[in-house]
Amino acid sequence: RSLMQGSVWLMAGKLWFVVSAFLLYSGLSRLLTPEEFGTYSLVVNLVSIFNMVLITTTIQSISKYTAMGNADAVKHQGLKILFFLGGALALACFFSAPAIAAWFKDLNMVFPLHYAAFIMFFYGLYAVFIGSINGQKKFTLQAVFDGGYSTLRLAMILGLAHWTGTVHGAVWGFLLASMIIVAVSFVVIGPGAKGKSFETKEFLNFSLFLIGFHIIANIMTSADLFLLKRLSSSAQDAGFYAADLTLAKIPYMVLAAVNLAVFPMVSESRGQSKLEIQALAQRGFILCLIFALLPAVLFAADPAGTLRLIYPSAYLAGESGLFWLSIAYAIFCIFMFCSTVLNAAINPVISFGVSALGLLTQVFTASTLIPIYGMKGAALGACAGYSLAFLIQWFILATKKLSPVPLRPTLTVLVISALIFFISWHFPAMKLKLLIKDAVLALAYLAAIFGMRVIKIEELLSAAKGKQNVGS
């Protein structure tokens, strides 16, 4: 029950994050040219690799030690470490900006990268605050912070982009939003206090391979865009493909909430039997699969209508990319869930190696196919890398008697998803008709899921109303 409750609250916050991202990219695609939009997306994706590594690794590490001991002392020590670590990363990105821009053959990226570098510093501090409340299972407060920051970021980026009419203004808005949320966290959550928590060396040893894994996993979410920018003959392809990525990443962004709830629970269960850990993992896997496949099949079945709903007509050039990226990110969601189970139940060393192999496969495939198929080739490269990584991860967990894939519910969800896909595929639509079609199909999908008892509707209702382990 606590897994369902934590997931519901955190998914609510992530859902608004996704909606705000829609609004953000829809607005920026109208305030900036496709080329400028591509530059902004490249800069943000580059910085986001390190941001997501800092956030995910720090939240999981701080959450683990918070659950084990003095929350205030852990938070205080974490802020000290991330002040220096985040600052070092920010300075490294700042001074390497000219070289990065030269590699992408776009010198317009230099100054936006200078500003964006310091987003990493503030994100690292923010992750300590969020990790602290996550470790205390204050999921409601965490969801409020997620939603509040998403709103603030949306307002600041669009506001400054509109005011300046430039990429620089958009990146400045992002930086100012991160500064403000850290200040609010300092006041509301508090900086903690000195006390017995953990040794810095112990913290870094635990985090080392976790950091390595998340670096590679986050590179995997952007490698196809980077390769397309470098290898494509069209300056606009990166902008079109970035629009595809924004839509395709929706399941991944929302379902990060399930991983946030699962990690501390599996960590706490390490002393229990493998059957108990496997039962928890299988419940989380089915949740991930259900909510990863729903948007994926709707987007893949009608990519043109989906793109036109959010972006100007010029972005229909990315139609083929969205089809394959939707499939790729459904696979990536379940790969990341399997990695979360493996990292929490065993250690992150194996996930580090598997993700590295997946990245190499993605880079090789995309580099081979982009010169031939363009955006479609980049997306196929992502499909190949993510699929291989998931299959290896699942096989390793199965050999450890920790397989998170329950056969019958998984097959049921796949069959229902395939039926929804083919229905949507045969009835393409635009704008209002698309919204109505997707709403009807989504309800039919969920009705089939509940009707087949893959998950029980009373569990969701109980989780939404329940207070146990939710915090405030």
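**Why these words? Burial, contact and empty space**

Tutor: Let's start at Lys-229, which sits in helix α8 (residues 223-231); a helix here is a DSSP run of H or I of at least four residues, numbered from the N terminus. The model is a predicted one, where local features need pLDDT of at least 70 and side-chain atom pairs count only at pLDDT 80 or more, while totals for chains, interfaces and linings use all residues. Residues are numbered from 1 along each chain as its sequence is written, and side-chain values use heavy atoms, leaving out hydrogens and water.

Student: Why is Lys-229 called buried?

Tutor: Buried means under 20% relative accessible area, exposed means over 50%, and partly exposed is in between (1.4 Å probe, protein chains only). Lys-229 has 18% relative accessibility, so it counts as buried.

Student: Which residues does Lys-229 contact?

Tutor: Setting aside neighbours within four places in sequence, Lys-229 is in contact (heavy atoms within 4.5 Å) with Leu-42, Phe-104, Asp-106 and Ala-238.

Student: What makes Leu-31 partly exposed?

Tutor: Its relative accessibility is 31%, so Leu-31 falls into the partly exposed class. Leu-31 belongs to helix α1 and touches Leu-158, Ala-161 and His-162, not counting residues up to four places away in sequence.

Student: And how do you know that Val-188 is exposed?

Tutor: Val-188 reaches a relative accessible area of 51%, so the word exposed applies. Val-188 is part of helix α6 (residues 167-188).

Student: Which residues make the nonpolar surface patch with Val-188?

Tutor: Ile-180, Val-184, Phe-186 and Val-187 join Val-188 in a patch of about 460 Å². Patch members have over 30% relative accessible area and no salt bridge, with nonpolar side chains (Val, Leu, Ile, Met, Phe, Trp, Tyr) joined within 5 Å and like charges within 9 Å. A salt bridge would be a side-chain nitrogen of Lys or Arg within 4 Å of a carboxyl oxygen of Asp or Glu.

Student: What makes an empty space a cavity?

Tutor: On a 1 Å grid over the protein atoms alone, a cavity is a set of points where a 1.4 Å probe fits but cannot get out; lining residues have an atom within 4 Å of a point. The search of the whole structure finds one cavity of 30 Å³ or more. The largest cavity has a volume of about 1000 Å³, a volume being the space filled by probe spheres set on the points.

Student: Which residues lie nearest its centre?

Tutor: Of 42 lining residues, Lys-14, Phe-17, Met-52, Tyr-252 and Met-253 lie nearest the centre of the largest cavity. Helix α2 gives the largest share of that lining, 12 residues.

Note on methods. Accessible areas come from the Shrake-Rupley method with a 1.4 Å probe; for residues, only the protein chains shown count as cover. Helices (H or I, at least four residues) and strands (E, at least two) are DSSP runs, numbered from the N terminus. On a 1 Å grid over the protein atoms alone, a cavity is a set of points where a 1.4 Å probe fits but cannot get out, and a pocket is an open set with protein on both sides within 12 Å along at least five of seven lines; lining residues have an atom within 4 Å of a point.
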